[in-house]
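This briefing is meant to be read with the structure open beside the text. Please follow each topic on the model as it comes up.

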Amino acid sequence: MTAPLNLTRFPVHLGLGGRAHVLPEFDGDMSWYETYGKLHPNDGIEGRLVSMHTFTESWDSWEVHPRGDEVVLCVAGEMTLIQEYPDGQIARVTIGVGEYAINAPGVWHTADLDAPATALFITAGEGTEHRPR
């Protein structure tokens with residue numbers, strides 16, 4: 001048995017063969033995701049990043065995961081996900097504790113908050129892109 005790890009500091013990669021790999025400590029810098037993308041290249045779209053983040057304000061950028069779904073599970077507070085579909089349609093879904101939403105492949109998304117919130121993310125991260133909000 002290993003010592004418990006904090007998911008906000010040490011995300012997990014779920015890879016091929018049902019394997020779970022502890023990732024390097026998340027330092028809050030977006031370059032961490034670039035490094036992560038290079039750690040398990042052979043897992044392709046089957047690999048999943050499991051992470052948890054606490055937000056104190058609305059996101060200042062959009063992101064998209066072109067090759068797979070992302071599950072967003074709210075574990076504290078409340079957040080409104082804003083989803084922009086390829087046809088230009090905009091959807092808003094507010095999730096509270098224990099509720100989740102799915103960001104489909106190719107759907108740009110961001111989030112608004114009125115108060116701090118924490119969410120767990122299960123992400124098919126290959127090919128993820130970001131753009132300013």
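Helices (H or I, at least four residues) and strands (E, at least two) are DSSP runs, and they are numbered from the N terminus. With these names in hand, E25 can be placed in the loop between β2 and α1. The model discussed here is predicted, and the points below take up its sheet, its individual strand pairs, three chosen residues and its largest pocket.

**The sheet as a whole**

- Six strands form an open sheet, and reading across that sheet gives the order β2-β1-β3-β10-β5-β8, with antiparallel pairing.
- The edges of the sheet are β2, covering residues 19-22, and β8, covering residues 100-103, each of which pairs on one side only.
- From one strand to the next, the twist of the sheet averages 20°.
- Helix α1 packs on this sheet, where it touches β1 and β3, and the direction of α1 makes about 165° with that of β3.

**The pair β1 and β2**

- Strand β1, made of residues 12-15, pairs with β2 over four bridges in the antiparallel sense.
- Two of the residue partnerships between these strands can be traced on the model: V12 has V22 in β2 as its bridge partner, and L14 has A20 in β2 as its bridge partner.
- The hairpin of β1 and β2 has three residues between the strands, and in this hairpin G17 takes a positive phi near 75°.

**The strands around β5**

- Strand β5, residues 70-76, is joined to β8 by four bridges, and the two strands run antiparallel.
- Among the partners in β8, N103 is the bridge partner of E70, while I102 is the bridge partner of V71.
- β5 also pairs with β10, again in the antiparallel sense, over six bridges, and here the bridge partner of L73 is L120 in β10.
- In a regular strand the side chains alternate between the two faces of the sheet.
- Strand β8 shows such an alternation, since A101 and N103 point to one face and are buried, while Y100 and I102 point to the other and are not.

**Three residues that are partly exposed**

- Why does E25 count as partly exposed? The relative accessible area of E25 is 41%, and the class of partly exposed residues lies between the cut-offs of 20% for buried and 50% for exposed.
- Leaving aside residues up to four places away in sequence, E25 touches R9, F10 and W32.
- E25 and R9 are 16 residues apart along the chain, and their C-alpha atoms are separated by 5.3 Å.
- T35 has its place in helix α1, and T35 counts as partly exposed because its relative accessibility is 43%.
- The C-alpha atoms of T35 and E84 are separated by 27 Å, and these two residues are 49 residues apart along the chain.
- V75 belongs to strand β5, and its relative accessibility of 35% is the reason that V75 counts as partly exposed.
- When residues up to four places away in sequence are not counted, V75 touches M52, V97, T118, A119 and L120.
- Between the C-alpha atoms of V75 and A20 there is a separation of 22 Å, with the two residues lying 55 residues apart along the chain.

**The largest pocket**

- Rolling a probe the size of a water molecule over the atoms shows where empty space is left.
- The largest pocket in this model has a volume of about 900 Å³.
- Its lining is made up of 33 residues, and of these M30, Y33, E63, T128 and H130 lie nearest the centre of the pocket.
- The elements that give two or more residues to this lining are α1 (31-39), β3 (48-55), β4 (61-64) and β10 (117-123).
- Which element supplies the largest share of the lining of the largest pocket? That share, five residues, comes from β3.
- Sorted by class, the lining of the largest pocket holds nine nonpolar, 18 polar and six charged residues.

Definitions and conventions
Residues are numbered from 1 along each chain as its sequence is written. This is a predicted model: local features need pLDDT of at least 70, side-chain atom pairs count only at pLDDT 80 or more; totals for chains, interfaces and linings use all residues. Side-chain values use heavy atoms; hydrogens and water are left out. On a 1 Å grid over the protein atoms alone, a cavity is a set of points where a 1.4 Å probe fits but cannot get out, and a pocket is an open set with protein on both sides within 12 Å along at least five of seven lines; lining residues have an atom within 4 Å of a point. Grid points are joined across faces, edges and corners, and a volume is the space filled by probe spheres set on the points. Ala, Val, Leu, Ile, Met, Phe, Trp, Tyr, Cys and Pro count as nonpolar, Asp, Glu, Lys and Arg as charged, and the others, Gly among them, as polar. Two strands pair if DSSP finds at least two bridges between them. Axes are lines fitted to C-alpha atoms, for helices over the stretch in contact, and angles run from 0 to 180 degrees between N-to-C directions. Contact means heavy atoms within 4.5 Å. Buried means under 20% relative accessible area, exposed over 50%, partly exposed in between (1.4 Å probe, protein chains only).
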